[in-house]
Amino acid sequence: MGRLTGKTALVTGSSRGMGRAAALRLAADGALVAVHYTSNEEAAAEVVELIEKDGGRAFTVRAELGVPGDVHELFLGLEEGLRERTGGTDLNILVNNAGVMGGVKPEETTPEKFDRVFAVNARAPFFLIQRALKNMPDGGRIINISSGLTRFANPDEIAYAMSKGAVEQLALHFAKYLGPRGITVNSVAPGITRNDNPVFQIPEAVEQMSGLSAFGRVGEPEDVADVVAFLASDDARWITGSFVDATGGTLLG
Ligand code: NDP
């Protein structure tokens, strides 16, 4: 029996990257996992397949975040999937992972680009938490993926970093609000972590990025997923409202 057996989890943006790794890890720990995606159905289905191959339980949920009706659509699919498999709609663990980078210089950041980044990265997590609380029993877990860029300057990502700064506020205020229910709320801040971005195929770029970490390498999705799994477990019951630096020492300077 895994330490999350009997629990249910939603990991937003878990068709790829860190979300995928978190979904695999939570499922390996015994949770029934909703693998959320927006366009990459094949990748999400593959995550479910991998989980099931290892004896775990998972299903896919599609919803584009950052558009009107996003949370409603996601919860329609989520509740249907949970009801089919558990007979109820309890959600014990919410991982707000889906996010979009900015990658635009301050002078090129249009109001439209700014709003988009905030809609996906900050607005959606707030309303997902608000909605998830209807389904979350006492003792639940909320984990929001922030970024080391809230403490490490990169002008090309100013709007993105601002949106992640907003995400970190979720842990501070919701943690206080939800303490009486035994629900913990924490932020995890990854540093540069391997994903599908073609930059990770360029050895010189990877070498340069590796130099930012105290460990001399870029992060792997599993490096962050293991932190998420810890915060989701009972072992982390006394941690709430915290900022967990999962940058591999990048913030040490
Ligand atoms: P990826 O870019 O590898 O994957 C993004 C995931 O989010 C995919 O599952 C994608 O779904 C989903 N997604 C993207 N936009 C939307 C949307 N509008 N609505 C719904 N789902 C969406 O992610 P990473 O692993 O790189 O990043 C995960 C989180 O970590 C993000 O919040 C990111 O900001 C943060 N982060 C990443 C760092 C890095 O170096 N990679 C560093 C610090 C923080 P689909 O497959 O369907 O497109």
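These are questions and answers about the ligand site and one serine in a predicted model.

Colleague: Why is serine 147 called buried?
Modeller: The relative accessible area of serine 147 is 7%. Buried means under 20%, so serine 147 is buried.

Colleague: Where is serine 147 found?
Modeller: Serine 147 is in the loop between β5 (141-145) and α5.

Colleague: What makes the pair of serine 147 and leucine 149 a polar contact?
Modeller: The side chain of serine 147 comes to 2.9 Å from the backbone nitrogen of leucine 149. The cut-off is 3.5 Å, so the pair counts as a polar contact.

Colleague: What makes asparagine 195 a polar contact of the ligand?
Modeller: An oxygen atom of the ligand has a polar side-chain atom of asparagine 195 at 2.7 Å, and the limit is within 3.5 Å. Asn195 is also among the residues that come nearest to the ligand, together with Ser15, Ser39, Asn97 and Tyr160.

Colleague: How do you know that arginine 116 counts too?
Modeller: An N or O atom in the side chain of arginine 116 is 3.4 Å from a nitrogen atom of the ligand. That value is within 3.5 Å, so the pair counts.

Colleague: How much of the ligand does the protein cover?
Modeller: On its own the ligand has 910 Å² of accessible area, and the protein covers 91% of that.

Colleague: Which elements give two or more residues to the shell around the ligand?
Modeller: They are α1 (17-28), β2 (32-37), α4 (111-132) and α5 (158-178). By class, the shell has 11 nonpolar, 15 polar and four charged residues.

Key:
Residues numbered from 1 in each chain as written. Predicted model: local features only at pLDDT ≥ 70, side-chain atom pairs only at ≥ 80, totals over all residues. Heavy atoms only, no water. Near = heavy atom within 4 Å. Polar contact = N/O pair within 3.5 Å; in protein donor to acceptor, adjacent residues only side chain to side chain. Areas by Shrake-Rupley, 256 points an atom, 1.4 Å probe, with all protein chains shown as cover. Helix = DSSP H or I, 4+ residues; strand = E, 2+ residues; numbered from the N terminus. Nonpolar A, V, L, I, M, F, W, Y, C, P; charged D, E, K, R; others polar. Buried < 20%, exposed > 50% of the residue type's maximum accessible area, 1.4 Å probe, protein only.
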